[in-house]
Structure formats: C-alpha cells, structure tokens
Amino acid sequence: MAGDVKRFTRMLLECNSNDKLCVLREYQTEVIVVPVLLVGFFVIVLTVILWLHCRGLRAKQEQSSSSGHQVNDKNHEESSSTENHYIQLTETSVEDLLNSASLTLKELEIPREKLLPGTLQLIKHGCYGSIYRAQLETGSPGKTRTVVLKALEELASPQKVKDFLGRIKFHQNLGHHENLVELVGCCVNQLPLYMIMEDVSLGDLLTFLWTCRKDVVTMDGIPCDLTERQVYEVGQQVAAALAYLEQKKLFHGDVAARNVLLHHNFTAKLCSLGLAYEAHTYGANSVTQIVPVKWQAPERLLKKPFSIKADIWSFGILLYEMITLGAPPYPEVPPSDILSYLQRQNIMRQPSSCQKAMYNIMKSCWQWNATKRPSPADLIWSLQTAIKTSNGCAVLQVPELVVPELYADVAGVDVYSLVREYTIL
Ligand SMILES: *[C@@H]1O[C@H](CO)[C@@H](O)[C@H](O)[C@H]1NC(C)=O
Ligand SMILES: *[C@@H]1O[C@H](CO)[C@@H](O)[C@H](O)[C@H]1NC(C)=O
C-alpha cells in the first residue's frame, strides 16, 4: 500500500526515479502537512479549554452577582450546622450515650419498676455515686431478691456517663467467676443510672472479721466464728479470682478484706473492680482510684509498672487481716512512712494467732522483687498444701474491739470508704 502511494505521488510530481531533488519534494507534503495538522489540533484544543474556562467563570460571576445574599446565607447555614453538630456532641450527648447504651447493654437492661420503690437503702458513698441495697422483683410473682445498686446520680457529665457505662460493659465482658461479684443487670435508659450487682449475704469480709471479735451471733443467726482453716478457704477463693483475672490479662489493684464479700456458706467474692476497669481502659498509669498505701506493693508505691504480682503482695496483707480478725496492717508505722519502712527491708512480724505455714505464705507474697512472688496458681497450690495441716477447731479470738475511726487512721483508709449503713426512704 505504502509503495503504491509513493509511486502515485512521484507520478503526480513527474519525477524520474533517481531525481534527488524530487525525493525532497516528495517529502515536502509530510514536512509541511504534519506540523500544520499538529498546530491546528493544538489550537483547537486550546480554544476548547479557554471556552470551557470562560463559561465556568461567567457562570460563577452570574451566581455571585444575582444571588449574593444567597451565598452568604449558605455560608451561614454551613457554619450554623457545624455549630449544631458541636452542640450535639457536648450538650445532648448524655442522651446519645444512653441511646447507644440501650442497644449495646440491651440484654442486661432491667425495667426500673422491678426495683421495688421504698426498698432503697443507702450503704455507702462510692467514688462515683452512692451504693444502695434494694429489692428486685424476680421472675416469679411476689418473690424478690436483694441486690446492690451502684448509682450514677442525675446531672452527671457526658464523660462520667460514658465512664459508668464503660464499667458496666467491662463487668459484662469479664464474664462469670464464682469468686467475683456478679453483675445482675443495669438500668441505663435514663438517669440515674444503676449498675445492679448481686448482694452477698454476710457483707464485706472486714466488717465480718470485726464482728467475729465480739462474742455475738450475726443478725441472721449465724455464729460469727472463724477458724484458721476457714481463713485458708477464703484465701483459696480469692486466689482463684486472681488466677481468673490473670488469665484475662487483668489485675485487681485493691485486694483487701474490705473488698471481699462473704456468703453464708462462706463463698467469698472479690469485688470493687473499679481499678481493674480504669487500668484496662485508660492504662495503668492513668488510674485515679486511690488505694490505701499499706496494701500496696513497693513497685506501686514507687510508681513503677506493676502486674498481678502487686495483687499477690496485697493478698499477703489480706491473709494478715483475716488471721488477726481485721487488725490494721503495720499498726506501728504511720501510712506516710510505709515506703521507707519497706525500703529498710522490713515486713510485718508473725502475728501471735498465725502459724508458721501461713506466715511463710505471707512472706512469699512480701518479696520485694515481684518476680520472686508466687503466681496465683502457685499460691493456690501453697494454700491447698497448708490447709491439710490447718486447725479447723480453734476459733480465732481477739479481745479488743475495733473503733472504725481509729482503724481508719492507723490503716490509712478513708473512714467513709468503710461500710456504713443508713436507711433512707
Ligand atoms: C453459696 O450460696 C450462694 C447463694 O445462696 C450460692 O449461689 C452458691 O452456689 C453457694 N455455694 C456453695 C459452694 O454452696
Ligand atoms: C528479680 O528476680 C529475678 C528472678 O530471680 C531476677 O532474674 C532479677 O534480676 C531480680 N530483679 C532484681 C531487680 O533484683
């Protein structure tokens, strides 16, 4: 084809086949036509671009001249709509939080009317609201069960509401363990919010220990006697709860007799998981909850990273509390001096009511070096071994009664954090 075209061009130009000048003339068409075509094409494209550009400009000018006010209004609308959005985030978000919580915590929600009115009894003021005991209607008509309510009062900030809902969610995710206080449900459709926990019949272990000092029978006719064997039994259950927390990559952070609840049948339940929640949610360094210093491991007093092994240290103090029927730890050391006391390699001496085997366990918990302390599993094993030779007959006795205010002073705890019972209607 190309050959035919060439020949045809030569025929038109009337050239000889070996005319050199004719070769030039032959290419003349290409030399001239191709650039002209290119330039033409370029000019057309440029014109189209310019035309489109001008049309765009004209359209803009028309819009701004004919409807200048509208543009302003539109801008205003935009800014006010972002304002609305902002207001929603800050002011109405309690509502938003509750709306979304009603969905996420749906299976835990208990209708408020099932909490029998007039049965609310204030137990104490917690760190984020009051704690009540109340009667909850169960499925069967006429039957109720006693529950503990942790309340978040009205007028709570969105941040507080979010935190409170987070605590409920945390408890839900924690799952069930027979030695951890159980979440029964919640009321989160409106304020005040309630986190409903199981009630544990004998109440907190510290108060129980103090009651054991008196020669009394508890309200429910249960003799308040405690033997060394029972101390081990309660200890084993708390250690089992710690093993469970360890398995969940958590720690408790405030193991103490005041945070253990007891059932009639001596089932022990570790409660007050607020610090565990805070550490899990905001990081161990952002924990705001105050823990009395005399229960804390040295690494915590020194604000160093800590683990479940810090709970093991506190567990040693818990054993001491039980065997002394609720004596304050380090009675001769002011709370403010505790760190320097421990730094001088002091630990508590063996209480007179405590046998060697139990004291050895306490000492293993009070090793300065956290890695040398037993794990929860090691601890359960030591307790199981020691319980075999423990005394299940002799009732522990301490003649002196405890004055809560003096105790609070010596132990370095807030007296209001100790259980107080009030009745409100
Ligand atoms: C102890 O009592 C509680 C409440 O009545 C019950 O849930 C639990 O199963 C009992 N535990 C044992 C070991 O009997
Ligand atoms: C703590 O004990 C472990 C194991 O015995 C040891 O490897 C570590 O060096 C000790 N840490 C300190 C600070 O003494």
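Two strands count as paired here if DSSP finds at least two bridges between them. Keep that in mind for the first stop, and remember throughout that this is a predicted model.

**Stop 1: the β4–β5 hairpin**

Select residues 183–187, which are strand β4, and 193–198, which are strand β5. A hairpin of five linking residues takes you from β4 into β5. The pairing between β4 and β5 is antiparallel and rests on four bridges. To get your bearings, show Cys186 as sticks and look across to β5: the residue opposite is Met195.

Now add residues 144–152, strand β3. This strand runs antiparallel to β5 too, with six bridges joining β3 and β5. A handy pair to click on is Ala151 with its bridge partner in β5, Tyr194.

While β5 is still selected, switch on the surroundings. Is β5 enclosed or open? Five of its six residues are buried, so β5 is largely enclosed by the rest of the structure.

**Stop 2: a three-stranded sheet**

Next, pick up β6, β7 and β8, which form an open sheet in that order with antiparallel pairing. Which strands stand at the edges? They are β6 (203–204) and β8 (268–270); each has a single partner strand, so one side of each is left without a neighbour in the sheet. Zoom in on β6 and β7 (residues 260–262), where two bridges hold the antiparallel pairing. Click Gly203 and you'll find its bridge partner in β7, Leu262.

Keep the sheet on screen and add residues 228–247, helix α7. This helix packs on the sheet, where α7 touches β7 and β8. Line up the view along β8 and you'll see the direction of α7 at about 35° to that of the strand.

**Stop 3: from α7 to α10**

Leave α7 showing and bring in helix α10, residues 308–323. The axes of α7 and α10 come within 11 Å and cross at roughly 165°. That angle makes α7 roughly antiparallel to α10. The crossing is right-handed.

For the contact itself, show these side chains:

- on α7: Val231, Val234, Gly235, Val238, Ala239, Leu242, Leu245 and Glu246
- on α10: Ile308, Asp311, Phe315, Leu318, Leu319, Met322 and Ile323

Colour them by class and the α7–α10 contact splits into twelve nonpolar, one polar and two charged residues.

**Stop 4: from α10 to α12**

Hide α7, keep α10, and select residues 356–365, helix α12. The axes of α10 and α12 come within 7 Å and cross at roughly 150°. These two helices are therefore roughly antiparallel to each other. Here the crossing is left-handed.

The side chains to show this time:

- on α10: Ile312, Trp313, Phe315, Gly316, Leu319, Tyr320 and Ile323
- on α12: Met358, Ile361, Met362 and Cys365

How many charged residues does the contact of α10 with α12 have? None: the contact has ten nonpolar residues and one polar.

Before moving on, pick out Phe315, Leu319 and Ile323 on α10. They are among the residues facing you in the contact with α7, and they also belong to the contact with α12.

**Last stop: zoom out**

Show the whole protein chain as a cartoon. There are 14 helices and eight strands to look through. Colour by burial, and 30% of the 425 residues come up as buried. Finally, draw the contacts between residues at least 6 apart in sequence: 66% of them join residues at least 24 apart.

Note on methods:
Residues numbered from 1 in each chain as written. Chains lettered and ligands numbered in written order. Predicted model: local features only at pLDDT ≥ 70, side-chain atom pairs only at ≥ 80, totals over all residues. Contact = placed C-beta atoms within 7 Å. Axes fitted to C-alpha atoms, helices over the stretch in contact; angles between N-to-C directions. Parallel < 35°, antiparallel > 145°, perpendicular 65-115°, else oblique. Left-handed = near helix turned anticlockwise from the far one by under 90°. Nonpolar A, V, L, I, M, F, W, Y, C, P; charged D, E, K, R; others polar. Buried ≥ 20, exposed ≤ 12 C-beta atoms within 10 Å, placed from the backbone.
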